[in-house]
Amino acid sequence: MRGKARRSAQMVVAAILIIGLMIMSVLVTVYETHSLFLRTRSPVVREVVGAITADFKRALASMLAVATRAYFNYSEFRDLTDRFSSYGMSMNNRHNFTVARQVAKTYLEYWRQSITKAYGEYGVQVSYEILQLDLSKELGRQRTVYNLMKGYWYLPTSGSYAYAKLRLNITAMGFYNWESDVLVGLTVTVYRNPISVTGQNVTIMINVRQDGSLDYSTNPPSIVGTPYGRLITKGWIRIYYPQMDASGRFTGKWLQATIRDITYAGMGNYSVTFEPSLPVLTDLQGNQYVPIMVVVSDERGIIVEASTYYYISFAVQRNTPDALIYYDSSGNKKTLTRPSDISNEVYTLEMSSNLSLFWLGQKLSVDPALKLPPFPYIPIKQIRVNVTLDGTTATLKERPIQYENWTSVVWYGVPVDYPVGLSDPQMDFVKGDKYNTKLVFQVKFPTTNIRKQYVTLWWYDDLDTEPAVYQTQIQFIQDSTHKDVWHPLYDVEFVDMEHQQSRGYVNYYGVAAFVLRDPSTDYAFGPYNLHGFGIYGGKLQHYRPYGTWQVYYQYMRYSWIKAPIRIFAVLNTEYVGSVYGDCGTSPCSNSYYSTLAIVQIVNGTRYIPVITYIYWKNTRSDYGYWLCTEMGSGYANYFAYTAAGYQYKQNQTFVYTYNQVSSAVVLISRDPGILLTHWNNGGTARAVILNQAAVNLLQSIGGTYASFSSTATNPQGLPQGSIEADFWPYNTYRSVSAGTLLRYWTVVFSYSASGSGFLNLGSNIPNVWQNAYIYASMFQEKWAPSIVRP
Amino acid sequence: MFTKRKGQIRVIEAVLATFMVVSIILLVMAFTRPLKSVYVRETSDLRRLAYDLLNNMAENNVFEKTIANLGSENTQQTGECTFYNLGFLASASLPPGLLFKIDIYRVDFDIASKSVNLVWIGCASNYDWKNIKLVESEPVTYTYVCTGDPDSVRGTTLLIQMVIGFSG
């Protein structure tokens, strides 16, 4: 029994084993079949991931193309750039990389949606992360890509880049957390020293690199570009060269060169031969270069613009004499030595896009040996200036710079430059036929032993650069009682049609002038009158310019950035008005003279330049004709002027007291020269300094009647104590002819009896005028600074 | 005694039944068509072939050059495949005997409605796709952002649907 039961159990075990083996064989076969099914019927993960990654790279490249093409020349590539106008990529924002970046991010978001939709059946989830990438190996200077895309242009090694990390899941296939660094970029290096320069052409060498391999051993990762060998077949290159006039001077205009030959030398190197030939220049470090711009595009439309130089450098030479000659009222020759501290000798210079430099509107002489290359074709916001303080390169540091728009017009037959506002910093610094950009900066000569200061105009390579914000002490205020420019030394209140009533002073009935006020007490010293003609009921200067001052004090687009160097007020009118109310608030006439005046309130200086143009439309006769006048409101105790040299000795100086003026009622003295001034016993002083053209006009129009005058009281009988430059005085009746054109400048100069930059005349009040005289020469044409080689 | 013998018979029956079921399953699977080696190789290769073709064309900016104008005004109302250049290039790049149809959609990003819309702009094919059915075929989806010239198409996003296979 026991043996039978054992056999039965053995049979059961054997049966179970056999059944188990069979079932397992079925399972293995089913598993193999399933695997085969997956292999044959599943989507191809590798190909899908590769396709999406490649498409992300193309999307980045197309957005970098939009950004760089718009930055380089929006209108030329309008077929591309206009299509992204609904994203914000407009002509107005062509030099705004922030906008371009936002356009790219918007586009990439839609691209992400399209990928999700296209690969919906696979459950694709896609996103990207914006990371940093080190470009220092690629560009040879410390630069990074961040915030998706960056451009570093206008230097010999320049590049455009976009970089992000793509993240991808394909949920339907259980494929998660795919990451891929995606970089697109184009780099160009222009070897500065040309290979050859002949009489007909120039040959240069460039190196072009595209994208590149990432090096993760650094943090952030860095790249080295891959040599780009398809420039000739798929990309393109342009070279721009600066136009020269017949004398070989650069005009500031850029022209496209004719490329005669391009040869690929391997490893991304190309030799490029172009016409015309150009001079070889040498920079401060002694490196030679031909001034050109090189623009390169790859087949994806990404553009890079490089230049062969980093800066423009020159020196400003002071030409003012340090020993001044004058004659006392008796005609005795005197020598006045300037103090070693001449810290008020600050020149506010303008450099126009046609490479001319100006001081008070006067074009400065430039050393013919100085070859100034033009600025690259670059947005204004990227331009900066370095200026020395002590004449050595140790102090060659960044200083405030201001960008202004000027226009050239023919005003009654003569060419006239005048400002039309502060620039839009995002626009190009280019030479225009009608409008020109001017860069304004200051050059200081703090001591007499400094004759030359170095100036370097340079530019940031970062396309994201914003215009610099500099501290300034000048500010424009406009409300119901103010149309003022505040300055630490004076508050300038502009009276005109829209601001007729001067605070605490008189109603000007629309006459355009400016009133100088004490900045701390708001006390009105009285106005500076631009021009005056005739008398009205015994009152002086009947017909004065009538109109509205246009004040320019902030940048276009960047309204929060105030003018750091100077605020302009421009008057352009054909009307004359009267401050005496006989014409009401209307202009009196438009048949006398037209006026164009430019007043500058300059930060950090003591002077207010007034550049004036007058054109007489008809011949008019009357008593009294004034070139300009500055009222005194009774503050002055002393008055002085220097003679022009026609009736007295040149710079013979006459000093008067208020008592002398008062006893004369209107003090009149002949032969006015460059300096008219008044001051008080407390040492507060103001002068009007005329340029030589103004002095000559006084003589040519007024002849022997030309006078310095001072009026003792105002029409209300209160003390006035003005200083006036007359073609002829109020008691003389003469005519001015139709067609008479006057071009001159004056400078309102605020000074004191002592202090920094002045002689110590606190105990010698009658000679306080000397502290104006020691600076008068800097405003004269013949002593203007000159531009020389550094 | 009789009961014990009956149990052994049951076990033998179970073993035989299992043997028969498994044998039949394996026999059926052995004759199932997907297990033909030639078929396995070709179906997986078709997709890779399609992706390779599309990648090659993308890298060489074929789409920009063969689809001259991607504007909706050129949308082909007839439904005929008239991207002949694209079709020619694809045919020349594929082994003989393979049939394909490439449908191309422009992906419009509508800023106002914040939506993505597909606009069919045309197709390319190397066979009479209206009358001939593909017996063995594979669909492939591909997206393409135009990066090449001309500027009028640069930045345009395309959705490409390609079907590739054999006829009967």
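Let's start with helix H2 of chain A, where 29 residues reach 42 Å from the first C-alpha to the last, close to the 42 Å expected at 1.5 Å a residue. That expected span is 1.5 Å times one less than the number of residues, and helices (H or I, at least four residues) and strands (E, at least two) are DSSP runs numbered from the N terminus. The model is predicted: local features need pLDDT of at least 70, side-chain atom pairs count only at pLDDT 80 or more, and totals for chains, interfaces and linings use all residues. Residues are numbered from 1 along each chain as its sequence is written, while chains are lettered from A in the order in which they are written.

H2(A) is mostly covered, with 22 of its 29 residues buried (20 or more other C-beta atoms within 10 Å of a residue's own, C-beta atoms being placed from the backbone). The largest nonpolar core (buried Ala, Val, Leu, Ile, Met, Phe, Trp, Tyr and Cys residues joined through C-beta atoms within 7 Å) holds 268 residues, and among those touching the most other members are A:Met63, A:Leu64 and A:Val294. H2(A), residues 45-73, gives this core its largest share, 16 residues.

Now to the domains, whose bounds come from an automatic or database domain assignment. Their C-alpha centres lie 36 Å apart.

| Domain of chain A | Bounds | Residues in the contact (C-beta atoms within 7 Å) |
|---|---|---|
| domain 1 | residues 46-309 | 17 residues |
| domain 2 | residues 313-459 | 15 residues |

On the domain 1 side, strands E10 (236-244) and E11 (250-256) of chain A each supply at least two residues, and E11(A) brings the largest share, 5 residues.

Key. Buried ≥ 20, exposed ≤ 12 C-beta atoms within 10 Å, placed from the backbone. Contact = placed C-beta atoms within 7 Å.
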